[in-house]
Every structure is written in structure tokens, then in C-alpha cells.
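Work through the two exercises below with the sequence and the coordinates at hand, and try each task before reading its solution.

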Amino acid sequence: MVSKHTSPRVLFPQSINEALQMAAGENSPVFWAGGTGITASLKPNSSLLNLPKVIISLRMLDELTRASRSELGMEIGSMVTLDRLASIRRRILPPGLPETLALTGNKPLRCRATLGGHIAQALNRKEQGCLLPLLQLLEATVEIRYLRERPRRKPVSAVKRIPLTQLENEEGLGSSQLITRVNIPASSWNFVVVEKLPSSESTASPLLFHSLARIEKSVLTDWRAAVSDATGRILRNRETEAVVSGRSLPFSARDRSALEDGIKWLTKPWEDRPEDCAAVLRLAFDFMRKAAE
Ligand SMILES: Cc1cc2nc3c(=O)[nH]c(=O)nc-3n(C[C@H](O)[C@H](O)[C@H](O)COP(=O)(O)OP(=O)(O)OC[C@H]3O[C@@H](n4cnc5c(N)ncnc54)[C@H](O)[C@@H]3O)c2cc1C
């Protein structure tokens, strides 16, 4: 059987508006950021890659490659690569980000993969996005640009800023919605745990445990934690977060019991992996013990 292959049309918009216009005028266009997710998901077809028909490269959009920090927080352009983010000085980056970047793929992947591509890929395909749980705990907001239709008039460029937690519940991004920036508000977390389980080679897909705490004068003023896996499932237990926040350290027996129940609830979907669940519990208690020292 002879199958016909046509090369994709690759468009290089020079501005965000042009990218949106191009996306609106094409049938099933695909934004191309680092290309790692797109190429990894393609099925080889007769030794040729089955590329999308229309690719809109975001490479010329310089304004999306900037990252800046102010007293309000950090603003990161969607075309900033994970490696460039990791090269920013540790004390400038939000807490937990250097550790989470280090366990996201390997260096060659991070040199190509972008923050916008990472978020879009995880949201659209409901798959592993190591950075998503941390960004949610940090209350990150995603800026999305799109063309808004108007009756009897030309569509106009519009922007919306959506908390990542809310975006995760939506049905992915539309094909002409462009992630332009990620905003992470300034925060004063002073204790962080980021752990991948199992940490050794294993066939099981890894679980991620993220925990952030603010401790002032032996009081746990705020605590947040998330457990996630490669299917894109991210779990938090806000009830336990509220119960233990504001408690004195070290914990009383009652607080310890509340934390234990909360962590057990958090890891329930993975109860077929008792060792990893026990490790999460241990991490949470080690964390509280160290915080109390
Ligand atoms: C070998 C390998 C190992 C990996 N290991 C890990 C890992 O350990 N942990 C982990 O979390 N992930 C891992 N990944 C996934 C990786 O993080 C993603 O492939 C990567 O972040 C996607 O970014 P990109 O810039 O390459 O996106 P692309 O591949 O260019 O795009 C991915 C998707 O997002 C869309 N998109 C891109 N940019 C935008 C934008 N600005 N606005 C709207 N839509 C956009 C594209 O249209 C496409 O649908 C791995 C991937 C590979 C190939």
C-alpha cells in the first residue's frame, strides 16, 4: 500500500496577535514550543513522522522568553525553557521550583521543553506534569491569550488569567488559546519538601510529594501538601491543611493523629503501593519533626 505524506506547513508569527490570527484561520493548528511533547506523542508511520498538518512555531515571540521578579512575585514567559528557569539563582526562584525542575526529565529535555508547553501538555493530555502540583500549591496563575468573537465585527484579542487549580478542572485548552505567561505570587514559605517516589528505578510510575510550610516562632502558620502521579492526578487534602495550620510545634498527639489521617486519605488512590504511601507519611512526619527543631 502506498500512503501519501505531505510536509507540514510551518508558520512563524512575529507577534502574539499574529499567532492568534494564524491559529484562528487554520484547521487544527498546533502551537510548537519546544516540540518535545509533540514529537514524543507521534506514532511513527512508515518510518516517517506523522506530523501535524499546520504548525505554528512560537520561536520568534521574544516577549514570551522573558522572566522577571518583583516584590509581587515572579512572571515567567511561556517560552522560557525549563533549563533556563533552573539556571536562575535559587533565592530568586519560588520555593520548591529548583528541586522540582531537577527531577523533571533530564538536562537535554529541559533545554528544549518550555514552561508553557509543559503546562499545556499536562492539561490537554492529562499526563505527568511534575511542575503542576507545585505551581498549584504556590497559587500560580496562567495568562491565556485568545481571539474573542464579536457579532458583525472582527474578533478582538483578549486575555484571561486563570488560577492553575481552576484550569486543571477545565477540559484542556482550545487549539487557538495561547498560554503567554505564568505568574507566581510572592510568598514566604520557609520549609519545603519535594520528593519523587519510588526514587530508585522501578516499573511503577513515580509518585510526587510536594509540601510547603511557613513556620514562625515554633508555630506552623500555614501548611500545604500535594501528592500526584504520571496520569496527571493531583490530590490535596485542604481539610487537614486547615486543621494543622496554626498549630504549635512539636505537634500534640491530637494534631499528629489528624496529620496521619489526612495523609492516609491523600494517598488512598495509591493504596496498592503501600511502600510509597508509607514513604509519604514518613516524609510528612520527618518534615514536621525537622520544622520543630
Ligand atoms: C523523554 C521525555 C521525558 C520526559 N520526562 C518528564 C518528566 O520526568 N516529568 C514531566 O513532568 N514531564 C516529562 N516529560 C514531558 C515534558 O515535560 C513535556 O514534553 C514538555 O514540557 C513539553 O514542553 P514543550 O515546550 O516541548 O511543548 P511542545 O511539545 O512544543 O507542546 C506540547 C503541547 O502543548 C501545546 N503548547 C505548547 N506551548 C503552548 C502555549 N504557549 N500555549 C498553548 N499551547 C501550547 C502544543 O500545541 C502541544 O499540544 C518528558 C518528555 C519526554 C519527551
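Buried means under 20% relative accessible area, exposed means over 50%, and partly exposed covers the range in between. The model used here is a predicted one.

**Exercise 1.** Determine how many disulfides the whole structure holds, and then classify Cys111 and Cys277 as buried, partly exposed or exposed.

*Solution.* Begin with the bond itself, which is a covalent link between the sulfur atoms of two cysteines. For a pair to count, the two sulfur atoms must lie within 2.5 Å, and a search of the whole structure finds 0 disulfides. The nearest cysteine sulfur to that of Cys111 belongs to Cys130 and is 16 Å away. For Cys277 the nearest cysteine sulfur is again that of Cys130, at 18 Å. Turning to accessibility, Cys111 has a relative value of 37% and therefore counts as partly exposed, whereas Cys277, at 12%, counts as buried.

**Exercise 2.** Check the span of helix H10 (residues 253–266) against its number of residues, and find out how its buried residues are arranged around the axis.

*Solution.* First, the 14 residues of H10, at 1.5 Å a residue, should span 20 Å, and the end C-alpha atoms are 20 Å apart, so the two values agree. Next, list the buried residues of H10, which are Asp255, Leu259, Gly262, Ile263 and Leu266. Seen down the axis, these buried residues fall within an arc of 95°, and they therefore line one face of the helix. On the other side of H10, Ala253 and Arg254 are exposed. Finally, look at the partners: the buried residues of H10 pack against strands E13 (219–228), E14 (234–235) and E15 (247–248), and against helices H9 (238–244) and H11 (274–292).

Technical notes
Residues numbered from 1 in each chain as written. Predicted model: local features only at pLDDT ≥ 70, side-chain atom pairs only at ≥ 80, totals over all residues. Heavy atoms only, no water. Buried < 20%, exposed > 50% of the residue type's maximum accessible area, 1.4 Å probe, protein only. Helix = DSSP H or I, 4+ residues; strand = E, 2+ residues; numbered from the N terminus. Expected span 1.5 Å × (residues − 1). Arc of directions from axis to C-beta. Contact = heavy atoms within 4.5 Å.
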